[in-house]
Amino acid sequence: MQRNALSRRSVLSFAGACAIAGAGATAVGGAQADGTSRESFTIRKGTAEETTVYVTSADVDGPTVVVIGGVHGNEVAGYTATGAIADWEIGAGTLVTIPKANAAAVENRTRTADDGVDLNRQFLEGREPETDLARALWSVVVEYDPDVVIDLHESTGIYANDPVDGVGQAIFHSDGEAAAAATDAAEYVTRNYIDDRALAFQTGPFSSPDNDPRGLLVHKAARDLGADAFLAETLSTDVPLETRVQWHSAIVERLLTDDLQLEAADANSGSDENETDDGADESESDDSADENETDDGADENETDDGANGNESAEDETAAEAPVASITACPRNFVGSALESGQTVQLDASGSEARGGEIVRYEWDVGQTAQFDKTGETITVTVGTNVRDTIVLRVTTADGATDTDSITLSTN
């Protein structure tokens, strides 16, 4: 994004950072040879929620940007990418990163911490955040008064203008010039990093204050502070972690390159210098993707495209994707809250092979990004989390897969 004005707060003193962290906070940092300073401090020190904030400030004025990951502890690519972004070199402005915003949930590899509270529903607009952790995180955001806020997440379904089915492969944005920036980033990442067009990134506006979901950190940053805010979601199922991290990094790079004068090598853009802005032709883009995606599944996605003309039609027919389907018993729980400890049976027998044979049923209980249960049916005991998402993945004999998911809500 290009801006006509510099950051409202392009330089923040280290003393101010320590003040955010509160008494007893640990802070480290210092100036680099190029004049850039790197500092870090902790919030919620001495608790299970203790986490680190990293601050990089250039000696050239520019916007202030906050990048956050790990708000949900099972969305691994988000906090992995944010951790790498914390080390980026910048030529202007200030970059604030919080890789593991919800450290207790990250430790458990669950969406929420043990208290079952969804951290990304605690930031209601015009109000004090609901929990101690939310208030500590919000204090950091307020103190740095960012021009841009980016929150990195993952989803088990692809966004198709209906968030009920999933929000993966999407960049959601605040009003104003953020819409054009999100569109540009989505097109850039799709063009340079994605071979399967079914995984192309989409964009969408934030929901209105009167509609769910409410209490998202980026909504509050946009509406209470006037920041350009973005929520990026990658697809977490059937995509290697390395690829998802690359997508997140590329989105952030594209959104911030002009603002913070990022160097492509530091941002791990993965594209040739000639490709970055000039709309390189398809052959260059595909070659670049192959080179940078080495072991992350790119070859698997390219199988049909790279097949010779005599084989492609047969391969497409043989590898037609199945349709995963979950049926719950009791059926009447959908849309209503369950009691903690209640048992629900999930049945995948309604899944369709579509010309093949389903040979494997796998379940990810709690959206942990690990399919650690198998079988056509499973029994789930509802835990203390407010919302638990269960993902089913079915695989046919020829290796084609599909996923379905269901969310169990507790009182």
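In the predicted model, Val66 of strand S4 stands opposite Val149 in strand S6. The two strands, S4 and S6 (residues 148-155), pair in the parallel sense. Four bridges join S4 to S6. A second partner is strand S5 (residues 94-98), which also pairs with S4 in the parallel sense, here over five bridges. Within the pairing of S4 with S5, Val67 of S4 stands opposite Thr97 of S5. The link between S4 and S5 involves a helix: S4, helix H2 (residues 76-85) and S5 make a β-α-β unit. This β-α-β unit is right-handed.

The surroundings of S4 were examined next. Strand S4 spans residues 64-68, and five of its five residues are buried, so the strand is largely enclosed by the rest of the structure. In a regular strand, side chains alternate between the two faces of the sheet. Both faces of S4 are covered. On one side lie Thr64, Val66 and Ile68, and on the other Val65 and Val67; all are buried.

Helix H6 (residues 217-225) belongs to these surroundings, as its buried residues pack against S4. The buried residues of H6 are Leu217, Val218, His219, Lys220, Ala221 and Ala222. Besides S4, they pack against helix H4, strand S6 and strand S9 (228-235). Gly226 follows H6. The phi of Gly226 is positive, near 75°.

The packing of H6 on H4 was then described in detail. Helix H4 covers residues 132-144. The axes of H4 and H6 are 12 Å apart, and the helices pack at an angle of about 35°. Their crossing is right-handed. From H4, the contact is made by Trp138, Val141 and Val142. From H6, Leu217, Lys220, Ala221, Asp224 and Leu225 take part. Six residues of this contact are nonpolar and two are charged, while none is polar. Among the contact residues of H6, Leu217, Lys220 and Ala221 are also listed as buried.

These elements belong to a protein chain with 11 helices and 16 strands. The chain has 411 residues, of which buried residues make up 51%. Contacts along the chain were also counted. Of those with a separation of 6 or more, 69% are accounted for by residues 24 or more positions apart.

How values were computed. Residues numbered from 1 in each chain as written. Predicted model: local features only at pLDDT ≥ 70, side-chain atom pairs only at ≥ 80, totals over all residues. Heavy atoms only, no water. Axes fitted to C-alpha atoms, helices over the stretch in contact; angles between N-to-C directions. Left-handed = near helix turned anticlockwise from the far one by under 90°. Contact = heavy atoms within 4.5 Å. Nonpolar A, V, L, I, M, F, W, Y, C, P; charged D, E, K, R; others polar. Buried < 20%, exposed > 50% of the residue type's maximum accessible area, 1.4 Å probe, protein only. Pairing = 2+ DSSP bridges. Right-handed = clockwise from strand over helix to strand, strands pointing away.
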